[in-house]
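Subject: Structure handover

Hi,

Here is the structure I promised to pass on. Please open it first, then read my notes below.

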Amino acid sequence: MSDTRNDLPLGFSAGAAAAGFKKAGRDDLGLIVSDRPAVLAGLFTTNAFKAAPVQVCQQTLREYGTCRAVLANSGQANACTGDEGLENCLETRRMVAALTGLAPHEIMPMSTGVIGDQLKMDRWREAVPSLVESLGSRDAEGFTRAFMTTDAFPKFASITVPLSGGTVRLTGMAKGAGMICPNMATMLAVMLTDADVDRETWQAMFARAVDKTFNRVSVDGDTSTNDTILGLANGASGIRAEGEDAALLEKGLTDILGQISYMLVKDGEGASKVMHITVSGAASDEDACRIARTVGHSQLVKTAIYGQDANWGRIVAAVGRSGAQVDPSRVRLMLCSIERFRDGQPVNGDKEAELSELLKATDIPVEIHMGLGDGCYDLRASDLGHEYVSLNADYRS
């Protein structure tokens, strides 16, 4: 596998338009169209309050399993908007379908923004013709910028994967900086490939790849009403992925989703660091997950890391309240590869100055060994800085 310029796989084109949903003069409406039906995979928020576009996507996935387009907007989440919000979502699909020749059910909608606001349908009507006319004028970055909200930078990546029949491309695009704790935050993502893969295989590999990547990141522990990640495989390369080739495609898919999910944490609202939390030796994988998430979501741990304070006691305390099986005499903690806790007591107390220097880095390793079994889990989590409060206190201003 090799990195390439960040463009789209064969058969896909992208466009964007400025509708003025929140700020004038910036693209806030994006469209990707495949020149042929694409096998569809999808995973969605576990939040009980599912936004209208989430409901529509889930129904389309169940009933059809293929699509031709992804329609994304920022500035309006269309969540908790009742029957009117659902009808508006369906109407946006009909608008685009009328100008592209697609069937409405072939268009997958995605929205992000403030919960509770109805879509500004007059601005949709004004912008959709320009959006359709722009098809082919945007690349992966251009589409990604159209659904950014508080993101500091666009999150996209592209790789090629050599298979036995030739090379296929994978391109991923995502937005998200706050309300990030996917459990398939406000997180939207689209993955495209020109590989030819059957529906069941694509959905299964997609679910496994997401579980190893997007489901193992957290900015603030909040799971959004709109979390959606879609995968479109249109087969335009003519190269079939099955057997060993399917395994290679899945590895490439996991790699690129790993790259993009890391970008989400790195760009966490007000964040300056990424904690790489690794739990091993737990009584079970479930316990390891509980421990990693309790540490990663702890505001005391996050603020200590932000302040470059090697306060390992906050990490140990989080382990102890995680609800997992814990024997304090067996727990070992490594912070930035320096052991600080073992056999129920602190060690290497003379390393404080060295740790303070290491904590200036962007990526902070936190290794926790429980000494109880084979359970393991890893999680990427951001720190918590002043800017997070500022951004979210003024989010609707």
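The axes of helix 2 (residues 82-100) and helix 3 (residues 121-133) come within 10 Å of each other and cross at roughly 30 degrees. Helix 2 is therefore roughly parallel to helix 3 (angles under 35 degrees count as such). Their crossing is right-handed (the near helix is turned clockwise from the far one by less than a right angle). Axes are lines fitted to C-alpha atoms, for helices over the stretch in contact, with angles from 0 to 180 degrees between N-to-C directions.

Contact means heavy atoms within 4.5 Å. Helix 2 contributes residues including Glu91, Met95 and Leu99, and helix 3 offers Trp124, Arg125 and Val128, among others.

This is a predicted model: local features need pLDDT of at least 70, side-chain atom pairs count only at pLDDT 80 or more, and totals for chains, interfaces and linings use all residues. Residues are numbered from 1 along each chain as its sequence is written, and side-chain values use heavy atoms, leaving out hydrogens and water.

Now the sheet. It is open, with 7 strands in the order 9-16-11-15-12-13-14 and mixed pairing. Strands pair if DSSP finds at least two bridges between them. Helices (H or I, at least four residues) and strands (E, at least two) are DSSP runs, numbered from the N terminus.

Strand 11 (residues 274-282) and strand 16 (residues 375-382) pair antiparallel over 7 bridges. Val279 stands opposite Tyr377 in strand 16. Helix 8 (residues 299-306) packs on the sheet and touches strands including 9 and 11.

Best wishes

Notes:
Parallel < 35°, antiparallel > 145°, perpendicular 65-115°, else oblique.
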